[in-house]
Amino acid sequence: MLTTLQTEDKGTGNKNKITITNDHNRLSPEDIERMINDADKFAADDQAIKEKVESRSELESYAYQMKSQIGDNEKLGGKLSDEDKVSIESAVERAIEWLGNNQDASTEENKEQKKELESVVQPIISKLYSAGGEGGEQAAEEPAEDHDEL
């Protein structure tokens with residue numbers, strides 16, 4: 001597209017002619033096609049990087065969340081025995097140290113570290129809740145038969 005404009009300064013009488021073309025700094029159809037192909041080519045790499053970042057973030061979040069919870073004596077930290085608290089603290093510190101030393105760890109490595117941390121934390125938390133709830137999970141699974149609403 002080509003547009004020609006003529007301007008005139010009425011005060012001085014100066015005239016200028018400007019031509020505007022629409023093809024300047026535009027992408028050609030070949031450039032657009034190449035960009036689409038590049039995006040498709042790198043989509044798998046982008047997905048792998050996304051998964052790696054997410055797995056690292058999950059481990060980091062879980063570790064710091066547990067660190068915060070065991071430090072809160074009014075909540076989880078106050079309900080744990082000293083032995084259990086030390087077990088979780090050392091597992092959390094190992095995970096945090098591992099994160100610091102393995103910035104470029106793979107998705108699988110991050111997931112494995114999270115599983116290791118969970119393998120220490122989950123049994124302790126489960127034991128705590130089952131002891132405190134007096135049959136907590138069982139009571140939630142079985143309907144109460146001796147309550148007749150009608």
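Which residues have the most contacts inside the largest nonpolar core? The structure is a predicted model, in which local features need pLDDT of at least 70, side-chain atom pairs count only at pLDDT 80 or more, and totals for chains, interfaces and linings use all residues. Residues are numbered from 1 along each chain as its sequence is written, and side-chain values use heavy atoms, without hydrogens and water.

The largest nonpolar core (buried Ala, Val, Leu, Ile, Met, Phe, Trp, Tyr and Cys residues joined through side-chain atoms within 4.5 Å; buried means under 20% relative accessible area, with a 1.4 Å probe and protein chains only) has 20 residues, and M66, L76, L80, I88, L117 and V121 have the most contacts inside it. At least two residues of this core come from each of helix 1, helix 3 and helix 4 (107-133), helices being DSSP runs of H or I with at least four residues, numbered from the N terminus. Helix 3 gives the most, with seven residues.

Helix 1 (residues 29-71) packs against helix 3 at an angle of about 145°, with the axes 10 Å apart; axes are lines fitted to C-alpha atoms over the stretch in contact, and angles run from 0 to 180 degrees between N-to-C directions. Among the residues that meet, in contact (heavy atoms within 4.5 Å), are M66 in helix 1 and I88 in helix 3.

D84 lies in helix 3 (residues 82-101) and counts as buried because its relative accessibility is 11%. The side chain of D84 makes a polar contact with the side chain of K127 (3.1 Å), where a polar contact is a pair of N or O atoms within 3.5 Å, one able to donate a hydrogen and the other to accept it within protein, and residues adjacent in sequence count only if both atoms are side-chain atoms.

Terms used: Buried means under 20% relative accessible area, exposed over 50%, partly exposed in between (1.4 Å probe, protein chains only).
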